[in-house]
Amino acid sequence: MAELTVLDEKLAEVLGLAQAAQQATRKVAGLARREQETELLELLQRMSTEAADTEQRCQQVADSRDGLKTAIRDKARETKREVAEFMRTYLEDAEALDGLEFLSMAEAGELAHWEILGTLNRRAQLPEVARLVEAVLPLQQRHVAAVRDSSLRLAADEDPSEPA
Ligand SMILES: [Fe+2]
């Protein structure tokens, strides 16, 4: 199989993370729905749509990487699987607030990967990657901020002396 460059591997990882983000936001949306957290539910649905859009954009760039399409897809799948595994253990018997804690890690990790991809591309200077990062980075920054805000809003409503 074709060898991935450092940059292509990072592209594969952000692709896998965008796929994983759709699963994660859907899972936490289910928790939000159960707790009738409508505002949170709407946020998570929006984030899921944006993650799907990000996946498509990543896929388009991956398709433009000659001969590497399969290797990128396989690496993305591996990344997605790793996050899914972590999510499964973290979100056993979870409430919406646990879901937001998980998302705060996942989204921060996703943002870090995008910043790394952007930094790698300063030397690689691939125009399609530059455009991709430029489009997605602000979105990821918003995701991290929104998850943080929501988690603190839910935490403020919790009774700290209640049994956990
Ligand atoms: Fe995200």
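Is Glu107 buried or exposed, and what is its relative accessible area? In this predicted model, Glu107 has a relative accessible area of 2%, so the residue counts as buried (under 20%, with exposed over 50% and partly exposed in between, using a 1.4 Å probe and protein chains only). Glu110 is buried too, at 3% relative accessibility. Both residues belong to helix 4 (residues 96-124), where they sit 3 residues apart, about one turn of the helix. Helices here are DSSP runs (H or I) of at least four residues, numbered from the N terminus.

Glu107 (OE) and Glu110 (OE) are also donors of the iron ion, together with Gln140 (OE1) and His143 (ND1), at 2.1 to 2.5 Å from the ion. Donors are N, O and S atoms within 2.8 Å of the metal (3.2 Å for Na, K and Ca), and sites may look incomplete because water is not among the atoms. Along the sequence, the donor residues follow the spacing E-x2-E-x29-Q-x2-H.

Helix 4 also meets helix 2 (residues 38-63): their axes, lines fitted to C-alpha atoms over the stretch in contact, come within 14 Å and cross at roughly 30°. The two helices are therefore roughly parallel, a term for angles under 35 degrees. Contact (heavy atoms within 4.5 Å) involves Leu40, Leu44, Met47, Thr54 and Cys58 of helix 2, and Ala96, Leu100, Leu103, Glu107 and Trp114 of helix 4.

Residues are numbered from 1 along each chain as its sequence is written. Local features of this predicted model need pLDDT of at least 70, side-chain atom pairs count only at pLDDT 80 or more, totals for chains, interfaces and linings use all residues, and side-chain values use heavy atoms, without hydrogens and water.

Note on methods:
Axes fitted to C-alpha atoms, helices over the stretch in contact; angles between N-to-C directions. Parallel < 35°, antiparallel > 145°, perpendicular 65-115°, else oblique.
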